[in-house]
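Morning, everyone. I have one structure to walk through today. Please have the sequence and the model open while I talk.

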Amino acid sequence: GINVAASGATVNVGAGTYIEDILVNKTLVLDGAGVGVSTISGAIGGDVATVRITGNDVEVRDFTITREGNNVGQWNDPGLNSAGVAIQGQAVTGALIHDNQIVGNRTAIDINNSNGHTIRNNVVENNHTRLFFRNQTDGLVVTENAIVNNRTVGVLFLDASGGANVPVQQALGSVFFNNNISGNWYGQIADRQAGGGRKPPRHALGR
């Protein structure tokens with residue numbers, strides 16, 4: 001559906017479990033039939049992300065996003081997907097991720113050196129890592145999410161520059177409000193951006 005859709009279209013996804021990795025490389029709306037109704041489950045041995053966004057102004061809504069291999073026998077399989085949703089690079093902006101359940105991934109949402117995205121009204125639970133922000137992640141809006149019961153930190157800002165601050169390690173103008181960030185085992189919010197000159201997001205508080 002994504003491959004044949006024109007830029008700006010809406011791809012309506014019916015009920016079912018889709019075992020595949022999704023590349024959204026153009027502006028469109030990816031619209032599921034509802035949490036627990038439309039499930040995207042990342043295949044073992046494919047891309048490391050179940051939903052990879054490389055187009056601008058992409059909207060992903062009303063899905064359960066997970067991965068295959070969430071069982072004791074396959075837990076250490078090197079082919080398992082890492083991220084539920086991955087957005088990387090300064091060329092990508094304007095993503096809207098909302099009204100999804102993101103569960104059973106190593107990292108729920110991984111934004112790396114990319115700005116201007118909105119994460120709203122998702123349930124992010126029972127992942128290893130949760131919301132993972134690396135390098136420059138300016139202008140993010142993270143609101144009305146339940147970021148709960150993950151195995152490490154609820155929200156992690158990580159220095160991916162090795163302390164060099166290149167690219168600049170910051171989340172300038174990013175705002176977090178009306179989120180439930182609780183029950184995460186290591187802690188709720190951690191800033192590990194060691195690079196100089198960084199500015200943390202405003203109102204990075206859970207409810």
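I will take the sheet, then the aromatic rings, then the charges over rings, and last the largest pocket.

A caution before the details. This is a predicted model.

Start with the sheet. It is open and has seven strands. The order is E3-E6-E9-E12-E15-E18-E21, and the pairing is parallel. At the edges sit strand E3, residues 22–24, and strand E21, residues 187–192. Each of those two pairs on one side only. From one strand to the next, the twist averages 10°.

A quick reminder on what holds strands side by side. Strands of a sheet pair through backbone hydrogen bonds, and they can be parallel or antiparallel.

Now look at strand E12, residues 107–112. How many of the six residues of E12 are buried? Six of the six are. So strand E12 is largely enclosed by the rest of the structure.

Who are the neighbours of E12? Strand E9, residues 83–88, pairs with E12 in the parallel sense over five bridges. For one register point, take Gln-88: its bridge partner in E12 is Asn-112. Strand E15, residues 131–134, also runs parallel to E12, joined by four bridges. There, Ile-109 has Leu-131 in E15 as its bridge partner.

Move along to the E21 edge. Strand E18 covers residues 153–158, and five bridges join it to E21. These two strands run parallel. Here the register point is Val-155, whose bridge partner in E21 is Ile-189.

Next, the rings. The structure holds four aromatic pairs. I will show you two.

Phe-133 and Phe-157 make a tilted pair. Their centres are 5.4 Å apart, with 45° between the planes. Phe-133 belongs to strand E15 and Phe-157 to strand E18, so this pair ties together parts that are 24 residues apart in sequence.

Are these two rings buried or exposed? The cut-off for buried is under 20% relative accessible area. Phe-133 has 0% relative accessibility, so it counts as buried. Phe-157 is buried as well, with a relative accessible area of 3%.

Phe-157 has another partner, Phe-176. The ring centres of Phe-157 and Phe-176 are 6.1 Å apart and the planes are at 55°, so this pair is tilted too. Phe-176 lies in strand E19, residues 175–177, and Phe-157 in strand E18, so the pair ties together parts that are 19 residues apart in sequence. Phe-176 is buried, like Phe-157. Put the rings together: Phe-133, Phe-157 and Phe-176 form one aromatic cluster.

Now charges over rings. Arg-67 lies over the face of Trp-75, at 5.6 Å from the ring centre. Arg-130 lies over the face of Phe-132, at 5.9 Å from the ring centre.

Last stop, the largest pocket. How do we look for space at all? Rolling a probe the size of a water molecule over the atoms shows where empty space is left. The largest pocket holds about 270 Å³ of space. It is lined by 15 residues. Which of them are closest to its centre? They are Gly-1, Ile-2, Glu-20, Ile-22 and Leu-30. Strand E1, residues 10–12, supplies at least two residues of the lining, and so does E3. Recall that E3 is an edge strand of the sheet.

That is the tour. Questions, please.

Key: Residues are numbered from 1 along each chain as its sequence is written. This is a predicted model: local features need pLDDT of at least 70, side-chain atom pairs count only at pLDDT 80 or more; totals for chains, interfaces and linings use all residues. Side-chain values use heavy atoms; hydrogens and water are left out. Two strands pair if DSSP finds at least two bridges between them. Axes are lines fitted to C-alpha atoms, for helices over the stretch in contact, and angles run from 0 to 180 degrees between N-to-C directions. Buried means under 20% relative accessible area, exposed over 50%, partly exposed in between (1.4 Å probe, protein chains only). Rings of Phe, Tyr and Trp (its six-membered ring) pair if their centres lie within 6.5 Å; planes under 30 degrees apart count as stacked, over 60 as edge-to-face and the rest as tilted. A charge sits over a ring if NZ of Lys or CZ of Arg is within 6 Å of the ring centre and within 35 degrees of the ring normal. On a 1 Å grid over the protein atoms alone, a cavity is a set of points where a 1.4 Å probe fits but cannot get out, and a pocket is an open set with protein on both sides within 12 Å along at least five of seven lines; lining residues have an atom within 4 Å of a point. Grid points are joined across faces, edges and corners, and a volume is the space filled by probe spheres set on the points.
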